[in-house]
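Q: Could you take me through one part of this protein slowly, as if we were looking at it together on the screen? I'd like to start from a single spot and then see what surrounds it.

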Amino acid sequence: MLAEQTASKYDRLTAILREMGSVAIGYSGGVDSTLLLKVAADLLGTRAVAMIGRSETYPTREFEEAMALAAEMGARVVVVRTEETDVVKFQENPPDRCYFCKTELFGKLQEVAENEGVEWIADGTITDDLGDFRPGMKAKSEKNVRSPLLEAEFSKADVRELSRHLGLATWDKPAFACLSSRFPYGMGITRENLTRVDEAETFLRDRGFRNFRVRFHDEKTARVEVGPEEIVRLLDDGLRQELVARLKSLGFTYVTLDLQGYRTGSMNEVLPHLTKSIGRTSVTPPARNLQK
């Protein structure tokens, strides 16, 4: 049974989606956007469209899993090629890099939604996102993107609880972020280096690690983060040597292990508090309808 508070938010979410009528959801296969797609597809049928932005910044295995999940839900899917890696400001990798990425993504989603006759575009933003450093929120506002989960006041705990209740395999899925987050701010981002990180992380994923990142510190150095409870496993001599060999085959000279372990946003630890505050946002009224 759902907790009373979660059940109430679920009711609010369905009311919001019913009022929206049709929606194109920026879908990644993560726990938040998967729940939003599930509820929208069950309620709106083909008037709910999952839109996946495909580029080198999106981990290969995440894309494959997202497509399989959408198929299981019977959801309509449109794959949109995005070119954020061609945007000079994105390539320069400033602290507000996500703004340029999200501007590209939401712009493409808006075009497809209008062509499909869909009334709204939406994303999986939740209340937990409000206090984090997320410069992409500005792009969301500029492109009139709604966040039904946020409007219904869903926290990550609520999302996981409802996802489990609805039988979604993603209910306990670890968080993930686009591959550009693996690069220190100011280091240029290229398609080739994104592919190197993707292949390095695929190695860890295929060997059963759940929480991990391969941080690209420079052309020669990879910093591997795994969950604190998984560090001891990575120290197994055979697996360690296999990992080192794989990353050296990808062009790294030095393969380091972060003893602090995996944590989200570790690349943000170098940012001053004032810079981080730029990317914070607050709950805003619903955006305008695309058809108005």
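A: Sure, let's start at T170, which sits in the loop between α8 and α9 (191-206). Keep in mind that this is a predicted model.

Is T170 buried or exposed? T170 has a relative accessible area of 4%, and the cut-off for buried is under 20%, so T170 counts as buried. What does T170 touch, leaving out residues up to four places away in sequence? The answer is G29, V31, T34, L69 and R160.

Two of those contacts give us a path to follow. V31 and T34 fall within helix α2, which covers residues 31-44. R160 falls within helix α8, which covers residues 156-165. Let's take the α2 path, beginning with the sheet beside it.

That sheet is an open one of 4 strands, in the order β3-β2-β1-β4, with parallel pairing. β3 (76-81) and β4 (120-122) are the edge strands, and each has a single partner, so one side of each has no neighbour in the sheet. On average, neighbouring strands here are turned by 25° against each other, ignoring direction. Helix α2 packs on this sheet and touches β1, β2 and β4, and its direction makes about 160° with that of β1.

Now zoom in on β1. Strand β1 (residues 23-26) pairs with strand β2 (residues 48-54) in the parallel sense, over 4 bridges. You can pick out individual partners: A24 stands opposite V49 in β2, and G26 has M51 in β2 as its bridge partner. Both faces of β1 are covered. V23 and I25 are on one side, A24 and G26 are on the other, and all of them are buried.

Back to α8 for the other path. The axes of helix α1 (residues 4-20) and helix α8 come within 10 Å and cross at roughly 85°. Angles of 65 to 115 degrees count as roughly perpendicular, and α1 and α8 therefore get that description. Where they meet, α1 brings T6, K9 and Y10, while α8 brings D158, E161 and L162. Sorted by class, this contact has 2 nonpolar, 1 polar and 3 charged residues.

What about α9, the helix on the far end of our loop? α9 lies across β5 and β6, running at about 150° to β5. These strands belong to an open sheet of 3 strands, ordered β5-β6-β7, with mixed pairing. Its edges are β5 (212-216) and β7 (254-257), each with a single partner strand, so one side of each is left without a neighbour in the sheet. Neighbouring strands in this sheet are turned by 20° against each other on average, direction ignored. Strand β6 (residues 221-226) and β7 run parallel and are joined by 4 bridges; in one of these pairings, V224 has L257 in β7 as its bridge partner. Helix α11 (residues 237-249) lies across β5, β6 and β7 too, at about 140° to β6.

Finally, let's zoom out. The protein has 12 helices and 7 strands, and 52% of its 292 residues count as buried. A compact globule with 292 residues would have a radius of gyration near 19 Å, and the protein agrees with that, at 19 Å. Its C-alpha atoms fill a box of roughly 55 × 45 × 35 Å along the principal axes. Among contacts with a separation of 6 or more, 74% join residues 24 or more positions apart.

Key. Residues numbered from 1 in each chain as written. Predicted model: local features only at pLDDT ≥ 70, side-chain atom pairs only at ≥ 80, totals over all residues. Heavy atoms only, no water. Axes fitted to C-alpha atoms, helices over the stretch in contact; angles between N-to-C directions. Helix = DSSP H or I, 4+ residues; strand = E, 2+ residues; numbered from the N terminus. Parallel < 35°, antiparallel > 145°, perpendicular 65-115°, else oblique. Contact = heavy atoms within 4.5 Å. Nonpolar A, V, L, I, M, F, W, Y, C, P; charged D, E, K, R; others polar. Pairing = 2+ DSSP bridges. Rg over C-alpha atoms; globule rule 2.2 N^0.38 Å. Buried < 20%, exposed > 50% of the residue type's maximum accessible area, 1.4 Å probe, protein only.
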